[in-house]
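Work through the following exercises with the sequence and the coordinates open beside you. Each task is followed by a solution that proceeds in steps.

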Amino acid sequence: MQLTNYLYKELQTIGYKVLCEPDLSVVAFRLELKNYDSDVLNKIILDEIQKDGRIFISSTVLEDKLTLRAAILSFRTHQKEIDLFLHLLKKIKNQLDI
């Protein structure tokens with residue numbers, strides 16, 4: 001739960017919308033920006049994270065919106081992996097010229 005709460009807080013600081021405070025080890029989030037199709041942005045983010053291959057996340061549809069999900073389940077996941085994930089999210093956001 002410490003890593004989940006860390007991810008929850010850090011996602012917000014880099015401009016992502018976290019849909020709810022985590023109860024378990026899953027964080028649901030999206031990038032929402034005015035004048036952009038958020039579903040398209042989030043699909044790009046999902047594809048880029050999966051293409052990188054170092055971090056695995058999934059997606060779902062909540063309230064008709066594509067939503068990204070990070071589930072921290074493995075005992076081998078440490079803060080350095082969460083920091084890598086956050087770095088990748090920032091990098092992708094910057095590459096989109098947002």
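In this predicted model, valine 26 stands opposite alanine 71, a residue of β4.

**Exercise 1.** Determine how β2 and β4 pair, and place them in the order of the sheet.

*Solution.* Begin with the pair itself: β2 (26-30) and β4 (65-71) run antiparallel to one another and are joined over four bridges. Next, extend the view to the whole sheet, which is open and consists of four strands in the order β1-β2-β4-β3, with antiparallel pairing. Finally, identify the edges, which are β1 (17-18) and β3, since each of these pairs on one side only.

**Exercise 2.** Find which residues of α2 are buried, and explain how they are arranged around the axis.

*Solution.* First delimit the helix: α2 comprises residues 38-52, and its 15 residues reach 21 Å from the first C-alpha to the last, close to the 21 Å expected. Taking buried to mean under 20% relative accessible area, one then finds Ser38, Leu41, Asn42, Ile45, Leu46 and Ile49. These residues lie on the same side of α2 because they cover an arc of only 135° around the axis. The buried residues of α2 pack against the strands β2, β3 and β4 and against α3 (79-95).

**Exercise 3.** Describe what is found at the start of α2 and what follows the helix.

*Solution.* At the start, a side-chain oxygen of aspartate 37 comes to within 3.0 Å of the backbone nitrogen of aspartate 39. After the helix comes glycine 53, which has a positive phi, near 85°.

Methods: Residues numbered from 1 in each chain as written. Predicted model: local features only at pLDDT ≥ 70, side-chain atom pairs only at ≥ 80, totals over all residues. Heavy atoms only, no water. Helix = DSSP H or I, 4+ residues; strand = E, 2+ residues; numbered from the N terminus. Expected span 1.5 Å × (residues − 1). Buried < 20%, exposed > 50% of the residue type's maximum accessible area, 1.4 Å probe, protein only. Arc of directions from axis to C-beta. Contact = heavy atoms within 4.5 Å. Polar contact = N/O pair within 3.5 Å; in protein donor to acceptor, adjacent residues only side chain to side chain. Pairing = 2+ DSSP bridges.
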